Amino acid sequence: MNAIDPNLPEPDNAPEPHSAIDMTHGGGGRAMAELIRTVFHRHLANSHLAQGNDGAVLELPPGRVVMSTDGHVISPLFFPGGDIGSLAVHGTVNDVAMMGARPLYMSAGFILEEGFALTDLERIVQSMARAARDAGIAIVTGDTKVVEQGKGDGIFITTTGVGVIPDGVNVSGNLAREGNAIVVSGTIGDHGLAILSKRENLEFETEIQSDSAALHTLVAAMLEAVPTIGVLRDPTRGGLAATLNEIAQQSKVGMMLDEDAIPIKRDVAAGCELLGLDPLYVANEGKLIAICDAADADRLLQVMRTHPLGQDASIVGTVVEDRNAMVQMRTKFGGARVVDYLAGEQLPRIC
Amino acid sequence: MKYIDEFRQHDLASKVAGAIAKEARPDRTYHLMEFCGGHTHAIFRYGVQDLMPANVHFVHGPGCPVCVLPVRRLDDAVELAERHGVILCTYGDMMRVPGTKQRSLIRAKADGADVRMIYSTQDALRIARENPDREVVFFAIGFETTTPPTAVALVQARRERLANFSVFCNHVLTPAAIQHILQSPEVRDMGTVRIDGFLGPSHVSSIIGSAPYEFFAEEFQKPVVIAGFEPLDVMQSTLMLIRQINEGRNEVENEYTRVVKREGNTKAQDLVSDTFELRSSFEWRGLGNVPYSALRIRAEYADLDAEKRFTLSDKASREVKSCECPAILRGVKKPTDCKLFGTVCTPDTPMGSCMVSSEGACAAYWTYGRFRTNTGGQGATEDIVA
């Protein structure tokens, strides 16, 4: 809030500073320019944005270029362990990293709803700036649109990331081979449960934090140790189960998991039990799945466990031959079951 | 996790499995009906069948609240949301159940109806408070377990004078349904469905107690073991049932003593009888009209009864003809006997209710047991349980 300027003709009748987004912020006029300058450029500051052009001119190191895009509509916007801003950065950094690439640049598109509090917007942009800085990636171009009240839900953010794949790395969902080991970088279900614990009709007391994090340095360390990793993917929506099913179908292989080996926090397991959810289907935002030669798995695991984001890494199963591309699991109880895709939607709007 | 992990232990499971293998006589088979979908779900999710000898069979019963709701009542709910413009509050599973012409609440919602998924009746009351200018209807479904929360909502709405709240009541009763199955020609005369004993309901029994089963255990000479929903509960109860069968006893035994008492939860029972009364007949999907098998809202609460507040039209409700849900709910057929199973009917495109709920037999077969058929869903035909 600005202090009242005593030089104004009527200091006690000075215009109130904006406290919320209104339609002028998307109108292309001075209000919009002011918003971009005082919020976006101020916090995301870098030489590309400073030029004020409609696009960014990028210098890329030699190698194959990866581009990936991701929209974020999460509710609530602020949650234990993060917010929509940090999530929008981490999500895209991870999508680029899961291709084996080093993320370098990012764009951000904002759809703001009329009435959205400017303090919340500023908090979100600051969080994005922090996440980008920590990840060593620059947000080089962006866009802002405002929609009328009732036509959005506060704020939606779309981010696109660009990165470069080092020579010799070849990662793709269709490269899982029979006999390969399936490795998970840590406990599953943390993000989904953290979000759910703050939903208005579900609120429950828990210490669970979202695992939202940028995984590219973990990926870089893993690829340095084992450049032949075939598949990397982050199990976000649909959780471990959906992601493994996607990979199984892309690679036309089956998978056999070992329930005992899947890391899960006690609180998350308890929360899932309470809500009738299966943690295999609950979203993660800071975990990855790697599939590699069984012979390299222990070495990979060692490297992962020395990284802060891979301390709980575990080999959770094996790729098997299966013309039906089914994911199965030996249960703790001693039986076996299918781990299928989720039908419908277990939890809406979690990322 | 305390009170959970203890009931999922592999070493204990192997021990009970050993005891079952020893107890089950090789010269006969055992057909045990688990009434509840919760048991069906546990059997499949934990692979309990894998730990059973080949001559012990589970027959899946109709105890899945979503599955037994007849299409007509679902069509009524869709009508409430679409034609009467109410805010319809429903438990999640109900959203995807296909009604006539595959019309579900989720489709009605996409077409503009105001359908809201809730986790408890308290959410429905809150929505009513927040929308005083709208009619809010709670689509109440389920067995004796979900009835007390609906009763609480009625009492609370009355106390708060919530004029815009009402309940579309579809609560049904377990003992009446079990008795109906035992009296059905398939079980009684034709012998098409063999039932040697029942794994009795767990959560339902926490409310009604174990006493209500005593009548038909004696009348129909079938043993009942009230069983918890954890996999070790299911196994221990199976052992107890096989023992009763071998010894020629037909008693009601309670494995789930940590929750269920003979007299049940009398406070909940009183609340339910204050607000609900028996319907002389109610239609169940699969079982047809079952006498005295459901509840309606008492006259004292008639102003909160959606069936009285809104005029529901006559409609020609119908299920998909070749859907075998009705026969599956009676235990006459298995999901894999259905032509639609795994071909046009999957959890993503359910044609019948049993494929929707995680407690439905078809969904359990598909989600957890499909690998046994080794067809990947391309028209599974092999019997996966025997």
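Domain bounds, as I will use them here, come from an automatic or database domain assignment, and with that in mind let me begin with chain A of this predicted model. The assignment divides chain A into domain 1, which covers 20-52 together with 64-165, and domain 2, which covers 181-338. Taken over their C-alpha atoms, the centres of these two domains of chain A lie 27 Å apart.

How many residues of each domain of chain A are in contact with the other? The count is 21 residues of domain 1 against 21 residues of domain 2. On the domain 1 side, helix H3 (84-97), strand S4 (102-113) and helix H4 (118-135) of chain A each supply at least two residues to the surface that touches domain 2, and of the contributions to that side the most comes from H3(A), with 8 residues. Sorted by class, that side of domain 1 of chain A holds 12 nonpolar, 7 polar and 2 charged residues.

Let me turn to the interior. The largest nonpolar core has 220 residues, and those with the most contacts inside it are A:Met128 and A:Ala290. If we leave aside residues up to four places away in sequence, A:Met128 touches A:Leu44, A:Gly85, A:Ser86, A:Ala88, A:Val89, A:Ala108 and A:Ile139.

Now to chain B, whose secondary structure comes to 16 helices and 11 strands. Its C-alpha atoms, boxed along the principal axes, fill roughly 65 × 50 × 45 Å. Why can we speak of agreement with a compact globule for chain B? Because a compact globule of 386 residues would have a radius of gyration near 21 Å, and chain B has 21 Å, the two agree. Of the 386 residues in chain B, 54% are buried, and among the contacts in chain B with a separation of 6 or more, 77% are between residues 24 or more positions apart.

Finally, the contact between the chains, where 26 residues of chain B are in contact with 20 residues of chain A. Which elements of chain B give two or more residues to the side that touches chain A? They are helix H1 (10-23), helix H2 (37-45) and helix H16 (361-369) of chain B. In composition, this side of chain B divides into 13 nonpolar, 6 polar and 7 charged residues.

To close, I would set two descriptions next to each other: the side of domain 1 of chain A that touches domain 2 has 2 charged residues, while the side of chain B that touches chain A has 7 charged residues.

Key. Residues are numbered from 1 along each chain as its sequence is written. Chains are lettered from A and ligands numbered from 1 in the order in which they are written. This is a predicted model: local features need pLDDT of at least 70, side-chain atom pairs count only at pLDDT 80 or more; totals for chains, interfaces and linings use all residues. Two residues are in contact if their C-beta atoms, placed from the backbone, lie within 7 Å. Helices (H or I, at least four residues) and strands (E, at least two) are DSSP runs, numbered from the N terminus. Ala, Val, Leu, Ile, Met, Phe, Trp, Tyr, Cys and Pro count as nonpolar, Asp, Glu, Lys and Arg as charged, and the others, Gly among them, as polar. A nonpolar core is a set of buried Ala, Val, Leu, Ile, Met, Phe, Trp, Tyr and Cys residues joined through C-beta atoms within 7 Å. A residue is buried if 20 or more other C-beta atoms lie within 10 Å of its own, exposed if 12 or fewer, and partly exposed in between; C-beta atoms are placed from the backbone. The radius of gyration is taken over C-alpha atoms; the globule rule is 2.2 Å times the number of residues to the power 0.38.
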